[in-house]
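Trainee: I have not looked at this one before. Could we go through its side-chain contacts, one at a time?

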Amino acid sequence: MAGRRAAIKAIDWAAFAERVPPDQRAMFNALKTRSDALAARLAALPEKPPAIDWAHYKAVVAKAGMVDEFQKKFSALKIPEPVDTQSAKIDAQEKEAAKSTAEYVQASKARIVQYEQQLQKLRTMIPFEQMTFEDLHEVFPETKLDKEKYPFWPHKPIADL
Amino acid sequence: ILHSRPLHTTQQCLAPLPPLPEKGGEVRHGLIPEEFFQFLYPKTGVTGPYMLGTGLLLYLLSKEIYVVNHETVAGACILSIIIYGIKKYGADVAAFADRLNEEKIAKVAAVKNEAIKDLETAIEEEKKEQWRVEGRSYLFDAKRNNIAMLLEANYRERLLMVYNEVKKRLDYQVAMQNLKRQKEQDHMIQWVEKNVVQSITPQQQKESIAKCILDLKALSKSAQAAV
């Protein structure tokens with residue numbers, strides 16, 4: 001009997017909702033409605049069915065032994081608990097998620113470092129009034145004219161002018 | 001002013017040169033640099049360069065080293081027009097040229113500022129995504145909860161079903177018994193009634209009707225008094 005009562009943790013749906021990115025809102029809403037439906041279904045069912053009044057039936061039913069037989073079989077009956085097939089999958093999913101999130105966080109941190117470097121370069125560059133063209137090409141490498149690929153003026157395809 | 005700008009005279013230095021000065025050197029009368037006047041000031045005071053200029057001019061004219069001819073008049077007219085034009089529109093033209101330059105710089109500065117802003121927002125977004133990712137435990141808790149609720153609900157449903165079935169069968173037995181007893185009672189009552197009605201013979205009927213009439217007469221006698 002103790003095995004069936006897997007602890008139902010209280011979920012903070014508000015905090016959960018905050019962390020959902022906007023493009024996954026629909027999935028989150030579906031999950032929430034499903035959870036709420038299950039919770040409602042669970043709450044509607046009584047925890048134990050009411051006890052059968054055997055004494056009353058023994059007094060009323062004329063056929064001898066029937067009530068006794070029923071009572072014996074009823075108390076001997078063991079209802080099997082439903083088997084949990086999905087928890088292992090959920091745990092596997094969780095491990096997967098942990099791994100992929102670790103990778104993502106690492107990539108994200110690398111990106112942040114890159115951004116910070118670029119930001120630093122932009123913040124400490126010399127003002128435009130004092131720059132030469134070479135200095136400009138240093139800070140904004142995309143402005144450099146490729147003199148090998150386009151040897152003739154204007155050193156870039158005409159469409160880019 | 002060029003002297004004041006220190007060029008790299010010694011060995012190779014990677015630092016950039018200091019920027020060019022904003023304004024050119026000071027000039028008097030648009031032509032003669034201020035340094036000339038400063039140069040002559042210690043020896044000849046304030047009027048020195050002017051005296052020098054006037055004397056030089058008079059010397060050139062009187063000795064006819066510079067000959068006054070029609071070119072002089074043409075030159076004087078052209079010069080006066082030029083000076084008038086510069087005095088009147090010089091400032092505007094300068095402002096226009098400065099504005100062109102400023103626009104160029106403003107464009108590039110806008111590009112730079114936008115780049116900075118984009119980078120900052122990108123960093124913010126990345127941090128936010130990291131925070132979001134931390135909340136993934138909620139999802140798995142919700143899933144596990146769902147599973148637990150489902151199992152529990154199923155189990156309870158099964159219990160309830162068993163109870164309902166057993167109760168239904170017992171109630172059926174009870175209801176059957178009640179029905180049978182009721183039918184037996186009804187049948188017996190009917191049978192008794194039928195027999196009683198059959199056993200009433202015509203003789204008994206006449207006797208009972210006569211008795212009823214006598215009773216009625218007696219009752220009417222006693223009733224009249226009341227009315």
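Trainee: Which residue meets B:Arg156 in a salt bridge?
Mentor: The model is a predicted one, and a salt bridge needs a side-chain nitrogen of Lys or Arg within 4 Å of a carboxyl oxygen of Asp or Glu. In the pair asked about, N and O are 3.1 Å apart. The two residues lie in helix α4 of chain B, four residues apart, so about one helical turn separates them. The partner of B:Arg156 is B:Glu152.

Trainee: Is B:Glu152 buried or exposed?
Mentor: A residue counts as buried under 20% relative accessible area. B:Arg156 meets that cut-off at 11%. B:Glu152 has a relative accessible area of 4%, so B:Glu152 is buried.

Trainee: Which residue of chain B forms a salt bridge with A:Asp91?
Mentor: The closest N and O atoms of this pair are 2.8 Å apart. A:Asp91 lies in helix α5 (residues 87–123) of chain A and the partner in helix α4 (residues 136–199) of chain B, so the pair joins two chains. A:Asp91 is partly exposed at 34%, and the partner is partly exposed at 29%. The partner is B:Arg144.

Trainee: Which residue do A:Asp91 and B:Arg144 have with them in one network?
Mentor: The network comes from salt bridges that share partners. A:Asp91 and B:Arg144 form one salt bridge. The other residue named in the network is A:Glu94.

Trainee: How far apart are N and O in the salt bridge of A:Lys32 and A:Asp36?
Mentor: Both residues lie in helix α2 (residues 25–44) of chain A, four residues apart, about one turn of the helix. A:Lys32 is partly exposed at 27% relative accessible area, and A:Asp36 is partly exposed at 38%. Their N to O distance is 3.5 Å.

Trainee: Over which ring does the charged end of A:Lys32 sit?
Mentor: The cut-off for the distance to the ring centre is 6 Å. The charged end of A:Lys32 is 5.5 Å from the centre of its ring. That ring belongs to A:Trp13.

Trainee: Which residues are linked with A:Trp13 into a cluster by ring pairs?
Mentor: One pair, A:Phe16 and B:Tyr138, is stacked, at 5.6 Å centre to centre with 25° between the planes. This pair crosses between chains, from helix α1 (residues 13–19) of chain A to helix α4 of chain B. A:Phe16 is buried, with a relative accessible area of 6%. The residues linked with A:Trp13 are A:Phe16, A:Phe28 and B:Tyr138.

Trainee: Why does the pair A:Phe128 and A:Phe140 count as stacked?
Mentor: A:Phe128 is in the loop between α5 and α6 (133–139) of chain A, and A:Phe140 is in the segment after α6, 12 residues apart. Both are buried, A:Phe128 at 16% and A:Phe140 at 7%. Their ring centres are 6.5 Å apart, and planes under 30 degrees apart count as stacked. The pair is stacked because its planes are at 10°.

Trainee: How far is B:Arg28 from the ring centre of B:Phe37?
Mentor: B:Arg28 lies over the face of B:Phe37. The distance to the ring centre is 4.1 Å.

Trainee: How many salt bridges are there over all chains?
Mentor: A search of the whole structure also gives eight aromatic pairs over all chains. The count of salt bridges over all chains is 16.

Key: Residues numbered from 1 in each chain as written. Chains lettered and ligands numbered in written order. Predicted model: local features only at pLDDT ≥ 70, side-chain atom pairs only at ≥ 80, totals over all residues. Heavy atoms only, no water. Buried < 20%, exposed > 50% of the residue type's maximum accessible area, 1.4 Å probe, protein only. Phe/Tyr/Trp six-rings, centres within 6.5 Å; stacked < 30°, edge-to-face > 60°. Lys NZ or Arg CZ within 6 Å of the ring centre and 35° of its normal.
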